[in-house]
Amino acid sequence: MSLNELTVHDVHNKLVTGEVTAVEVLEAVYDRIDAVDGTINAYISLMKEGAYEAAEQADRDLSEGRVKPLTGIPVAIKDILSTEGVRTTCGSRMLENFIPPYDATVIRRMKEAGAVLVGKTNMDEFAMGSSNETSYFGVTRNPWDRNRIPGGSSGGSAAAVNANECIAAVGSDTGGSIRQPAAHCGVVGLKPTYGRVSRYGLIAFASSLDQVGPLTKDVEDAAVMMNVLAGHDAADSTSVPHPVPDYRENLSRGIEGWTVGIPREYFIEGIDPEIKAAVDGVIATVESLGAECRDISLPHSRYCVAVYYIIAPAEASSNLARYDGVRYGFRTSGGDTLLDSYKMTRSAGFGAEVKRRIMIGTYSLSAGYYDAYYKKASQVRALIKKDFDDAFRSCDIILTPTTPTPAFRIGEKVDDPLQMYLTDIFTLSINLAGVPALSLPCGYSTDGLPLGVQLIAHHFQEDKLIQAAAAVESHLPLEKKRPGI
Amino acid sequence: MEYEPIIGLEVHAQLLTESKIFCGCSTRFGAAPNSNTCPICLGMPGVLPVLNRTVVEYAIKMALATHCRINRVNSFARKNYFYPDLPKGYQISQYAEPLAEKGHIDIEYDGTRKTIGITRIHMEEDAGKSIHEDDGDYTYVDLNRTGVPLIEIVSEPDMRSPAEGAAYLRRLHEILVYLEICDGNMEEGSFRCDANVSVRPRGTETFGTRAELKNMNSFRNVQLALDYEIERQIDCLESGETVIQETRLWDAQGRVTHSMRGKEEAHDYRYFPEPDLVPVMISDNWINDVKRGLPELPLEKRDRFVREYGIPSYDAGVLTASRALADYFEVVAKVTGQPKTASNWVMGSVLASVKEEKIEVEKIPVSPDALGDMIIAIVDGTISGKIAKDVFDAMWQTGKSPRVIIEEKGLAQIDDTGAVDAVVNEVLIAHPMQLAEYQAGKEKLFGFFVGQVMKRTQGKANPQVVNDILKKKLSEQ
């Protein structure tokens, strides 16, 4: 097994024992990128210079006994996180040449934990998409089938983890953007509780929904990454000063005696039968581990897509107003007036999906429409959150499919926004409620595509999520298949 | 037909905090363009605001001073519009849930008092400054001011004349400066005012269509702009036209208002709750702490001065124009126990010198205790009131105490009867003609003899003693 195929905890052990060096691991990762990324297109930018410096520093630290949680671990960063001195595009022409003057808090935390930042991964433009097809830098291809999408918007991070172009990756999730690509690429993806991880330096799509989280090769790696990412940040007023446990502690505790809620609204007509079967397999495994699975209802589930597609575009229309070509980023030449310059810059700098959402959001916030749309959606959102609060009174976790179908073909839904929006039907509600959720590989389709199961916990119970996921992961009779690349 | 104007005012006051409202940048005025900036106030991708608590504290001060109801839970909202000096494309302000509502202040105009309602007070960030080249194609943007904290104070439409409007503004200005939360500098834009004005036939109830006036950067300009706009609206109605709802700019040079944008072009700011900030929670403890630290406000001080010191209300008005001057007066009044004399000196020589040398009250070189000592020297007859002016000037120049100056310059009054007696004799001998005329009945010459005695003693002779001796001598002759 070559070094780039290892997990975070494996690499860590080999580095600490001196079996390998951080530079060797990094070389293996960059060799792999050289070999496959021309096809996969997981990365927008590589950070070779800084990465080798960090790897060399890691080797010095290791030789002197200074070991931190991510010392020498090559991590890929979704290109939505601000990195000082390193181009940060957010998948958009608007920021094609934008070099930020500061690091996001999570970047600083990873650097302080010794991580080696490999590069910036591809994504849907401004995280608006479920397929990576809206990226200005070209679609990322699914490692299992190059004609299929990797999911989105953290498609680059998910593909890079599965294709072993990194050891672990970081993404962001506004309506499923970590979990859906994790399911489509056969990796573990965790969306933390809103407020658990700092958003400072995360380029905003929808501020009340965005959250940073890890994409990893197994559950233990997710725990290791969460130990570094989670925690209060004074620079983010919405981050919460809630104590951070050691997420690795509960990895082998099992779920005996737990109650697992199975919401009937998530097993709808039209769900792919193979996914249904795979999730049923997980339910059987959970029961075999001594947990009780219980039919529950999340009655406002049917409003999730509508609520999400009012709130997220509304916030986005405001968050993306700063891209006006005046201070940084793309600007068209010409335009006789200020208004012309704005119009031309924003028309050429943004792609179609971003413009669609800006228009929807601007409309729903407009005078005379605010009450009927944004305000009403906010009220329904409170009901959706209440559904989860009610359910967690009697359940330890909730279990659903992550996606209604396996990865679809490139081009299949790109011209049908409504179909595209429905691919996130099982993940949107989690962001609206602000609760944490994790997607875990749970099987394969007959076409050999990975399928994902979603576990959901109550606010700030990432530890329970990881505990349950680790139990399922170690007991699911899942054949280890290698991706197609 | 007779018309009645209806006026409401919106004031933006910059708060005197060290750092900006949502980041750590300095608020200092006059720094090199774009030097007081950071990724947060520049609106870089991914940055987030963090509320400066001192801003809330200052806003609570103003809310308490204007008798507002403070909303224990209030929140920020985004006001969306595009402009190059607004880096995020939205201003973080308060909208549906402002800091404070339903207050009032008393104004004094033409000797009568009137209560003006305060609709609301809210916190927000200032925008940057666009500097348009006079004769070129370029507009420059300076973002130093971006994120400087503001409070917006919105009045009820309670004012019925431009003079009342100006009185309201002066009172608001006075309160802000008294609270030491705003420097009140209108030229630098620390205190800015917009006006809503309409007219209606006197005796009717419904308001007319209003115009919003902008760009008035002095009290005088506010009054002039309101005068002009009221006349314009009345002319409109008189000539059978209708007043349209619009925003108008005051042109201080031309002394007219121009239409800037009509109702149709009015911005739709698409306000919605700011998701990057949590609601502001204000506890009773916090309010009580702020309340304890509040100074006495100008109008209360004015009333107290009249009551406590028995000085005329005109004097009290002048003396309470600033907190520093009022404090100065109070020390002088207490040291001397002579409030009216203290008031005369402070309003007279002290303010005249302040004005002449263009210094701030805080920097007066004569301490109030020293001035008090000097007044005591007048009262106890050590120096005459006339000599005191010289002593005061010397104190102002040298900073020395009045006793030292009197001593050094030998300015003490000559009370010694023998010494005065001798001088009086000299004067009478030196002016036999005047003496003869006086004795012939020209009694007006008494003053001449007094003057001569004062001249020979360089003004130091005690005038009472001179009078007594002179009267005695003249009757003896």
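Is Cys166(A) buried or exposed? I will come back to that in a moment. A word on the source before we start: this is a predicted model.

To the cysteine, then. Cys166(A) counts as buried, because 32 C-beta neighbours fall inside 10 Å, and the cut-off for that class is 20 or more. As for where it sits, Cys166(A) is in a loop of chain A, between helix H5 (155–162) and strand E4 (168–173). Leaving aside residues up to four places away in sequence, Cys166(A) touches Val29(A), Pro74(A), Val75(A), Ala76(A), Val118(A), Ala160(A) and Val161(A). There is also Thr7(A), which is 159 residues from Cys166(A) along the chain, with 9.4 Å between the two C-alpha atoms.

Now chain B. Chain B has 15 helices and 16 strands. Its radius of gyration is 31 Å, where the globule rule for 477 residues gives 23 Å, so chain B is more spread out than a compact globule. Along the principal axes, the C-alpha atoms of chain B fill a box of roughly 95 × 55 × 50 Å. Of its 477 residues, 40% count as buried. Looking at contacts in chain B with a separation of 6 or more, 68% of them are between residues 24 or more positions apart.

Last, the contact between the chains. How many residues does each chain put into the contact? Chain A gives 35 residues and chain B gives 24 residues. On the side of chain B that touches chain A, 15 residues are nonpolar, 4 are polar and 5 are charged.

That is what I have for today.

How values were computed: Residues are numbered from 1 along each chain as its sequence is written. Chains are lettered from A and ligands numbered from 1 in the order in which they are written. This is a predicted model: local features need pLDDT of at least 70, side-chain atom pairs count only at pLDDT 80 or more; totals for chains, interfaces and linings use all residues. Two residues are in contact if their C-beta atoms, placed from the backbone, lie within 7 Å. Ala, Val, Leu, Ile, Met, Phe, Trp, Tyr, Cys and Pro count as nonpolar, Asp, Glu, Lys and Arg as charged, and the others, Gly among them, as polar. Helices (H or I, at least four residues) and strands (E, at least two) are DSSP runs, numbered from the N terminus. The radius of gyration is taken over C-alpha atoms; the globule rule is 2.2 Å times the number of residues to the power 0.38. A residue is buried if 20 or more other C-beta atoms lie within 10 Å of its own, exposed if 12 or fewer, and partly exposed in between; C-beta atoms are placed from the backbone.
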